[in-house]
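Hello,

Here is the structure I promised to pass on. My notes on one helix and the sheet beside it follow below.

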Amino acid sequence: MRRREWEWHANLGPIKTPQLAELHDDLWDIVDSNVQDGDKAKGAVAVDAFPGLGKTTSVLAFLGEFHRREIAERGAFTGAGNERLPVCRVGLTGNTGMKDLNRSLLEFFGHPGRNRGTTAQFGQRALDCVVSCEVRLLALDDLHFLKWNQKNGIEVSNHLKWIANEFPVTLVMIGVGLAGKGLFSEGDSRRDTALAQTGRRTTRLGMRPFTIESEAGRREWRQMLLALEQRVVLADKHPGMLADDLSDYLFARSTGHIGSLMTLINRGCQRAVRSGAERLSRDLLDGVKNDEASEVARSELEAALEKRQLTSRPQYQRRPAA
Ligand SMILES: Nc1ncnc2c1ncn2[C@@H]1O[C@H](COP(=O)(O)OP(=O)(O)O)[C@@H](O)[C@H]1O
Ligand SMILES: [Mg+2]
């Protein structure tokens, strides 16, 4: 019986945060205008932001919606009778080379020729699959794992440019610090022509953490906590458990990063179930570890919040002064 709650708390999402909604709006704009452009070379998108801000979660949610829409409109099979796969997504892992990238594309399609061949052959087979299955969106997640040093920088960006130009898809690149890798910069025009050309047709989309400097920001933080506390399944929870009672505390511990917040809430819920407390409180959460980056920023922020130089709560939610 406990197992179900355990699984539930490990999968609390995705919440429709403003960050997710904004990213989806931008992606729909770009993807739909690309579809209208027919056979013209498609623009690419780069979702570029720090880890833990919800890039993977938000993009996956978008890919799911896009997949369902395409299948509903066009059917599960292509005109030629192949399975329609509107979306191809590949997540890269440590130090991937170009050949590994092409191979993972083939793996996505379960292509029998994924074990033998050259980089170019793998690439060609992947292109065949993309065309046969009428893939519209090609998402490469954690692109910063691509081996991308001084020496092969041009080669990598040429490869991405080849994909962007030859594959009839909208290329969605996701990663950390992609701008720093020269993907968008116009660069030195003689040395970096390849990079510059990728840059011109790539739209960069970021993701921001929650902030509490403005009233609008505090309202967003509160809305998100309200949505989150509805999903938490604990016998003794009460409305406002997160959004009223723990707002400042949770902001200090996560510094507005949704990844850190979700880790903390998830671990807190496991502990609340295990200990029988069945609710989240400051005391309980104090015993829960979070990732290192948030712990470092925490003390400074907590000091400011305690001195009331800063608050995470919107005006209309603050108790009137006595
Ligand atoms: N909109 C959301 N709703 C619920 N949880 C989210 C949301 N966005 C991110 N998360 C959680 O935050 C964590 C980090 O998100 P992730 O998408 O992996 O970030 P990134 O890809 O930017 O590193 C994940 O555990 C995920 O479940
Ligand atoms: Mg990610």
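**Helix α3 and the sheet**

On α3, the face turned away from the buried side carries G64, R68 and A72, which are exposed (12 or fewer other C-beta atoms within 10 Å of the residue's own, against 20 or more for buried and partly exposed in between, with C-beta atoms placed from the backbone). This is a predicted model, in which local features need pLDDT of at least 70 and side-chain atom pairs count only at pLDDT 80 or more, while totals for chains, interfaces and linings use all residues. Residues are numbered from 1 along each chain as its sequence is written, and chains are lettered from A and ligands numbered from 1 in the order in which they are written.

The buried residues of α3 are K55, S58, V59, F62, F66 and E70. They cover an arc of only 100 degrees around the axis, so they sit on the same side of α3 (the arc is that of the directions from the helix axis to the C-beta atoms). After α3 comes G75, with a positive phi near 95 degrees.

Helices (H or I, at least four residues) and strands (E, at least two) are DSSP runs, numbered from the N terminus.

Five strands make an open sheet with parallel pairing, in the order β2-β3-β4-β1-β5 (two strands pair if DSSP finds at least two bridges between them). β2 (87-91) and β5 (202-205) are at the edges with a single partner strand each, so one side of each has no neighbour in the sheet. β2 is joined to the parallel strand β3 (residues 137-141) by five bridges. The bridge partner of G91 in β3 is D141.

Regards
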